[in-house]
Amino acid sequence: MDILAGLGQGFAVALQPINLLYCFIGVFIGTLVGVLPGIGPVSAMSLLLPVTLSGTPESGIIMMAGIYYGSMYGGSTTSILVNIPGEAASVVTCLDGHAMAKQGRAGPALGIAALGSFAAGTFAIVALMLVAPTLARVAIAFGPPEYFSLMVLGLTILSFLSQGSMAKALLMAAFGILLGLIGMDQITAQARLTFDRLELLDGIGLVPVVMGLFGVAEILSNLERELKREVIQARIGGLWPSLADWAAAKWAVLRGTVLGFFLGILPGGGAVIASFASYALEKKISRTPERFGKGAIEGVAGPEAANNAAAGGAFIPLMTLGIPPNVVMALLLGAFIIHGLQPGPLLMTQKPDLFWGIVASMYIGNAMLLVLNMPLIGMWVQVLKLPYRVLFPLILMFCVVGVFASGNAVFDVFVMVMFGVLGYLMRKFGYEPAPLVLAFVLGPMLENNLRKSLILSHGDFTIFIERPISATCLVLAAVALAAPLLPALARRRARVAMDQT
Amino acid sequence: MIRNSELWGGLFWLAIGAFVVWAGREMGLGRLHEPGPGFAFFWIGLLMSALSLGIVGQALVSGGPPLSSLWAGTRWGKVLVVTGLLLIYGVGFEAIGFIPCTLALLLVLMWFVDPVDWWLAPIIAVAATFGVWAAMTKWLKIQLPAGIMAGILG
């Protein structure tokens, strides 16, 4: 009953004209950045973070959330029609989606991707609505040791699941924590690694770091190689899948939804992992695995459902524990903090209109996305034909404007350029930016909870293993750390990393 | 061995790790029951140094791609030019102003770095610059530097 009352309150907020507008802008921009290769939800959200300041917290966060789940929808269009994923979670959709398009079945591939995404997105919202209040009640019992260990687990899992060397991923996580700690110490007010620059006393801004590592670095990487895009020229035709397509895809959608939702909740997990796991699962249980990669509709339906369900599931740790499980949620945390709000177990009781407003807006946004992605597919195809040489100067301009607007300081533009070059070099040398950014956001919380735990225990580290939740998290983190040493797990991890490249 | 990119990557992070260890000690480690401001820095620096040493060790044992191969066959000159242009843009942004700087940046990028049709570049540059300026200053009420155009823009 509480849930229904809350949802009613949420719809009252989400259906306000201004929030409907922000929701529409969010899912529209999300679909656009999903469609366009070279700019993803992370760049788009950091770009628009300053824009959220001009409205109410509800409007801003509704828009940011819309960009995230909107990009999951839009990403499939590029994968299917151009064989270039619009964003990382749609990489696997290229395999069978583009094969279907080459066989003249682009319509059903796009249709099943949109309908599967809608079904999965809706399931994830219902599950979020049911699970979040219970988890929030449990989370109230969390103290500093539990928070510290949970964050350690999140960073370790993210490093474990990163492509390539785990040592490099852990190194990036450590560097991210370090960057997050630059600025004034929260307890002693001592300046730390500020090099006498006043601009650094408040720490390095999230927006310049993210825009540099994801926006500018992506452009620099794309510029040095020719991007070849070949949009399927044949008429796309009817989008509605046939009965046979439905029969083949329905269980894949269901399995992808459930799997994606749970992988989305896991700290360090997310839409990318979910889509790959779903594809692997579908191929494994199929009676005709040889069809995969050659236009199997299950290979489109499962991963697309999984990445959308994961996008919904990822809201749970953020909303209930205040801990972002991935980079996109870290940005959303930034949006909350900009508005003076702290997501966590108390959000539901202290700001129920905000919490339920976001949940209700996701129902509305999902319906908007179905409308945007089914009848307007022709428009997105036209957008795809924009050459990159026209796009990249505009993206660069938006990066500079977004970064300047976030802090009203040119210093931030230089920080962005510096991180852009660093991100470009990191890609060259095989270092991933995702653990760095997540650790950058978690760094201050991690240090704060570590210091509080040690003060509480009078310097006794056993506080982290005496508490069951904390001990469980640390054991799981230790297993993830030890995994590369076990041959079977190391092979599996290498396979996941190879699949992702 | 000296051209091994993995080795140089590892050494770079090792140097940063070592610096952070030193900086953490300088800030003050405090005691275990009352950690000081440098406590976390010190331990993170040690962790970074240990991980970097692992990467360096791996590079010495197993080797790695040569540095030159990372840029072989790429258009790396464009990367240098765009980075330089962004830095120049940052220097002039406040003094010269958003509109002239952005117009110049977009035109240089579209005429010289990755050229589009010569007549198309000014249309896109003008529309994008003035569109963004209007959206930011009029709609979102976010001030962008007027610079030399302060008199004209008010």
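Mentor: A crossing is called left-handed if the near helix is turned anticlockwise from the far one by less than a right angle. Keep that in mind for this predicted model.

Trainee: Which way does H5(A) pass H12(A), then?

Mentor: H5(A) passes H12(A) in a left-handed crossing. By the definition, the near helix is therefore turned anticlockwise from the far one, by less than a right angle. Here H5(A) covers residues 93–102 and H12(A) covers residues 298–313.

Trainee: What makes H5(A) and H12(A) oblique to each other?

Mentor: Their axes are 8 Å apart and the packing angle is about 135°. Roughly antiparallel takes an angle over 145, and roughly perpendicular runs from 65 to 115. The angle of about 135° fits neither class, so the pair ends up as oblique.

Trainee: Which residues meet in that contact, and how do they divide by class?

Mentor: On the H5(A) side, Thr93(A), Leu95(A), Asp96(A), Gly97(A) and Met100(A) meet Gly299(A), Val300(A), Pro303(A) and Glu304(A) of H12(A). That contact divides into 4 nonpolar, 3 polar and 2 charged residues. Gly counts as polar, which is why Gly97(A) and Gly299(A) fall in that class.

Trainee: Now across the chains: why are H8(A) and H2(B) called roughly antiparallel?

Mentor: Look at the angle again: the axes of H8(A), residues 166–181, and H2(B) cross at roughly 155° and come within 9 Å. The cut-off for roughly antiparallel is over 145, so this pair qualifies. H8(A) also passes H2(B) in a left-handed crossing.

Trainee: How do the residues of the contact of H8(A) with H2(B) divide?

Mentor: There are 15 nonpolar, 2 polar and 1 charged. H8(A) brings residues including Leu170(A), Leu171(A), Phe175(A) and Leu178(A), while H2(B) brings, among them, Phe41(B), Ile44(B), Met48(B) and Leu51(B). Lys168(A) is in the contact too, and Lys counts as charged.

Trainee: How many residues are in contact between chain B and chain A overall?

Mentor: 48 residues of chain B are in contact with 45 residues of chain A. Elements giving two or more residues to the chain B side include H1 (5–27), H2 (39–62) and strand E2 (34–35) of chain B. H3(B) gives the most, with 11 residues. By class, the chain B side has 32 nonpolar, 9 polar and 7 charged residues.

Trainee: What does the domain assignment give for chain B?

Mentor: The assignment has domain 1 at 5–70 and domain 2 at 76–153. The C-alpha centres of those two domains of chain B lie 39 Å apart.

Terms used
Residues are numbered from 1 along each chain as its sequence is written. Chains are lettered from A and ligands numbered from 1 in the order in which they are written. This is a predicted model: local features need pLDDT of at least 70, side-chain atom pairs count only at pLDDT 80 or more; totals for chains, interfaces and linings use all residues. Two residues are in contact if their C-beta atoms, placed from the backbone, lie within 7 Å. Helices (H or I, at least four residues) and strands (E, at least two) are DSSP runs, numbered from the N terminus. Axes are lines fitted to C-alpha atoms, for helices over the stretch in contact, and angles run from 0 to 180 degrees between N-to-C directions. Angles under 35 degrees count as roughly parallel, over 145 as roughly antiparallel, 65 to 115 as roughly perpendicular and the rest as oblique. Domain bounds come from an automatic or database domain assignment.
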